[in-house]
Amino acid sequence: MNEIDRWIESGAGVQDGLRLLNIYAPNRHIEKLVKGDARRFGYLLNDALLPFATAAGQLQKRDAPQRSSFRENWPFLSEADCPDELKILAADKITAWQNYVDAHEELWLCTTVEECFRTAKKVIENFDNNRKILSEFNHYKEHRHILGKHPVFKERERISELRGMTISELMRKHKNLRDAIWRTEALIRSSDKPHLRSAREERIAGKRRQLAEIDRLIADYEERRQKRIEHH
C-alpha cells in the first residue's frame with residue numbers, strides 16, 4: 001500500500017487527508033473549504049487524492065457512495081413540460097458555480113486592494129446567482145410551479161411583451177434600446193462608478209437580447225408582407 005491507500009483504509013480522516021493533499025495535490029481552495037466545513041466538503045479530499053491510490057485504493061473508491069448527479073437532483077429538467085426558463089437557469093447555474101469556484105481560487109492570488117475588490121465581487125455575485133437559481137429549482141421541485149423571482153423571468157416577460165407590439169411600436173422600441181445601450185456603454189467607457197460595471201454589462205446584455213428578438217419579429221413581419229405582395 002502507498003500513503004493514499006493507508007489513508008483510505010484507516011477511514012480517510014480529514015487531518016491526515018489535508019496533510020496528504022499538500023503533498024500530492026496542493027490546492028488552497030480545497031484546503032480552505034474542507035477546514036471550514038469538513039462534513040460538507042470532505043468529498044473534495046477524496047476527489048483530489050484518490051487518483052493517486054493504487055488498484056486496492058481505487059477498489060475502495062468504487063465501493064464508496066456516489067454523489068447524486070445534477071440531473072438526478074433536478075429530474076424535472078428532463079420532463080417535456082419543464083418551463084424553458086428553468087432549462088436556461090440550469091446552464092446558468094453550472095456557469096455561476098464554476099465562476100464562483102474559479103474566483104474563489106483567484107482570491108489567493110490577488111496582490112492589490114483593487115484586485116481583491118474585483119475578485120471578491122465576482123465571488124459574491126456568482127454565489128448569489130447560484131443561490132437564486134437554487135431557490136427556483138427547490139420551489140419547482142416541491143410545488144411544481146415557478147417561483148419567478150430570478151431576473152431571467154422578468155426578461156422573459158419583457159420579450160413576451162415585444163411579441164404583442166405592432167410593427168411601429170417595435171421600431172420605436174428598437175431605437176430606444178439602441179440609445180439606452182449606447183448611453184450605458186458610454187458610462188462604462190468613462191469609468192464612472194466602476195463598481196457598477198458588471199451590473200451595467202448585464203443590463204446591456206439583456207437589452208441586446210431584446211434587440212435580437214425585435215430584429216427577428218421585424219424580419220418575420222417583412223417576410224409575411226412580401227409574401228402577401230407576391231400573392232396579389
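This briefing covers the largest pocket and selected salt bridges of the structure above. The model is predicted, and its largest pocket has a volume of about 1200 Å³. The salt bridges come to a count of 16, and three pairs among them are described below together with the accessibility of their partners.

**Largest pocket**
- Of the 31 residues in the lining, those closest to the pocket centre are His 150, Pro 151, Glu 155, Glu 202 and Arg 209.
- Two or more lining residues come from each of α8 (84-106), α9 (113-143), α10 (151-162) and α12 (197-231), and α12 provides the largest share with 10 residues.
- Sorted by class, the lining holds 15 charged, nine polar and seven nonpolar residues.

**Salt bridges between distant parts of the chain**
- Glu 79 and Arg 144 meet through their side chains at 2.4 Å, N to O, and this pair links the loop between α7 (70-73) and α8 with the loop between α9 and α10, 65 residues apart.
- Glu 79 is partly exposed at 28% relative accessibility, and Arg 144 is likewise partly exposed at 40%.
- Arg 156 and Asp 84 form a salt bridge whose closest N and O atoms are 3.9 Å apart; because Arg 156 lies in helix α10 and Asp 84 in helix α8, the pair ties together parts 72 residues apart in sequence.
- Arg 156 has a relative accessible area of 31% and Asp 84 one of 46%, so each counts as partly exposed.

**Salt bridge within α12, and a network**
- Glu 213 and Arg 216 form a salt bridge at 2.7 Å, N to O, and they are separated by about one helical turn because they stand three residues apart in helix α12.
- Glu 213 is buried at 10% relative accessible area, whereas Arg 216 is partly exposed at 43%.
- Glu 3, Asp 16 and Arg 19 are joined into one network by salt bridges that share partners.

Conventions: Residues numbered from 1 in each chain as written. Predicted model: local features only at pLDDT ≥ 70, side-chain atom pairs only at ≥ 80, totals over all residues. Heavy atoms only, no water. 1 Å grid on protein atoms, 1.4 Å probe; cavity = no way out; pocket = protein on both sides within 12 Å on 5 of 7 lines; lining within 4 Å. Points joined across faces, edges and corners; volume = space filled by probe spheres on them. Helix = DSSP H or I, 4+ residues; strand = E, 2+ residues; numbered from the N terminus. Nonpolar A, V, L, I, M, F, W, Y, C, P; charged D, E, K, R; others polar. Salt bridge = Lys/Arg side-chain N within 4 Å of Asp/Glu carboxyl O. Buried < 20%, exposed > 50% of the residue type's maximum accessible area, 1.4 Å probe, protein only.
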